[in-house]
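Colleague: I am new to this structure and should be grateful for a close look at a single part, the grouping of aromatic rings. Please then place that part among the other local features.

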Amino acid sequence: MCVPARLGDLVESAPAGSAFLLSGPPMTGKYDLLVGLLSATDAIVVTTDTDESTVRDDYREWAGSGTLSVVDCASRSRGVETPDSEDVRYVSDPGNLTRVGTAFTDLLDRRSGTTGRVGLHSISPLLVYADLRSVYRFLQVFTGQVRSSGWSCFATFDPTMHDEQATNTVLDPFDARIETRETDGRREARVAGLDPNASEWMAF
């Protein structure tokens, strides 16, 4: 699987610091697209439901040749006690938003003067552990930091798990959406929000 060339071009054409929400039902390829988009550059990933080693293996499988740093919010919540390292910060659980933000800021500051892409996989567990208002404030600060750094941001979200209010609230801090769907066994994606009209659906 690869990121559709047209989708890649649309992402590249967006202003520096743009934040994209990858939104779609389960099993429609949001995570695969996220890793594919991150593998083209240096990257920082905040992961709330996938452990650091899996994210790193997937990044390498996509031929990611840059430097990858990870904020892992999943391992310790599953009882795995691993110490922090130069490129990895562990957080007790996805609900500890203050610690998540501090760990991310630390890793981003270490990349001062460089450019790359940031991934957040996924927003949905944050809403299980924390209330909507707290998650909204976190996303505002998170995307604001990315914009200030000149990096781009990509975050995954499953709207089928949440009501309309939560979905609209989560969308607000982002500049555009990458929507995913499955049609007749084929995964497709399109970009919405960069132009008045959404792009065409692209198979991947």
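Modeller: Rings of Phe, Tyr and Trp (its six-membered ring) form a pair if their centres lie within 6.5 Å; planes under 30 degrees apart count as stacked, over 60 as edge-to-face, and the rest as tilted. The model is a predicted one, in which local features need pLDDT of at least 70 and side-chain atom pairs count only at pLDDT 80 or more, while totals for chains, interfaces and linings use all residues. Residues are numbered from 1 along each chain as its sequence is written, and side-chain values use heavy atoms, with hydrogens and water left out.

By the ring rule, three aromatic pairs are counted. One of them joins Phe 104 and Phe 142, whose centres are 4.6 Å apart and whose planes make an angle of 45°, and this pair is tilted. Phe 104 belongs to helix α4 (residues 97-109) and Phe 142 to helix α6 (residues 132-149), so that this pair, 38 residues apart, links distant parts of the chain; helices (H or I, at least four residues) and strands (E, at least two) are DSSP runs, numbered from the N terminus. Both Phe 104 and Phe 142 are buried, a word that stands for under 20% relative accessible area, with exposed for over 50% and partly exposed in between (1.4 Å probe, protein chains only).

Phe 142 has a further ring partner in Phe 138: their pair is stacked, with 5.6 Å from centre to centre and 20° between the planes. Why are Phe 138 and Phe 142 separated by about one helical turn? The reason is that Phe 138 and Phe 142 are four residues apart in helix α6. Phe 138 is buried, as is Phe 142. Ring pairs thus make a cluster of Phe 104, Phe 138 and Phe 142.

Next to Phe 138 in the numbering comes Leu 139, which is also found in helix α6. Leu 139 counts as buried because its relative accessibility is 0%. Residues up to four places away in sequence being set aside, Leu 139 touches Leu 120, Ile 123, Val 170, Pro 173 and Phe 174, where contact means heavy atoms within 4.5 Å.

Ser 39 offers a second reference point: 100 residues along the chain separate Ser 39 from Leu 139, and their C-alpha atoms are 23 Å apart. Ser 39 sits in the loop between α2 and β2 (43-47). With 9% relative accessibility, Ser 39 counts as buried. The residues that Ser 39 touches, again without those up to four places away in sequence, are Tyr 59, Trp 62, Ala 63, Gly 64 and Ser 65.

Some backbone features complete the view. His 121 and Ser 122 are joined by a cis peptide bond, with omega of about 5°, and Ser 122 lies in the loop between β5 (117-121) and α5. Met 27, although not a glycine, has a positive phi of about 65°. Met 27 is in the loop between β1 (19-23) and α2, and its relative accessibility of 64% makes it exposed. Asp 184, likewise not a glycine, shows a positive phi of about 50°. The loop between β7 (176-183) and β8 (186-192) holds Asp 184, which counts as exposed because its relative accessible area is 81%.
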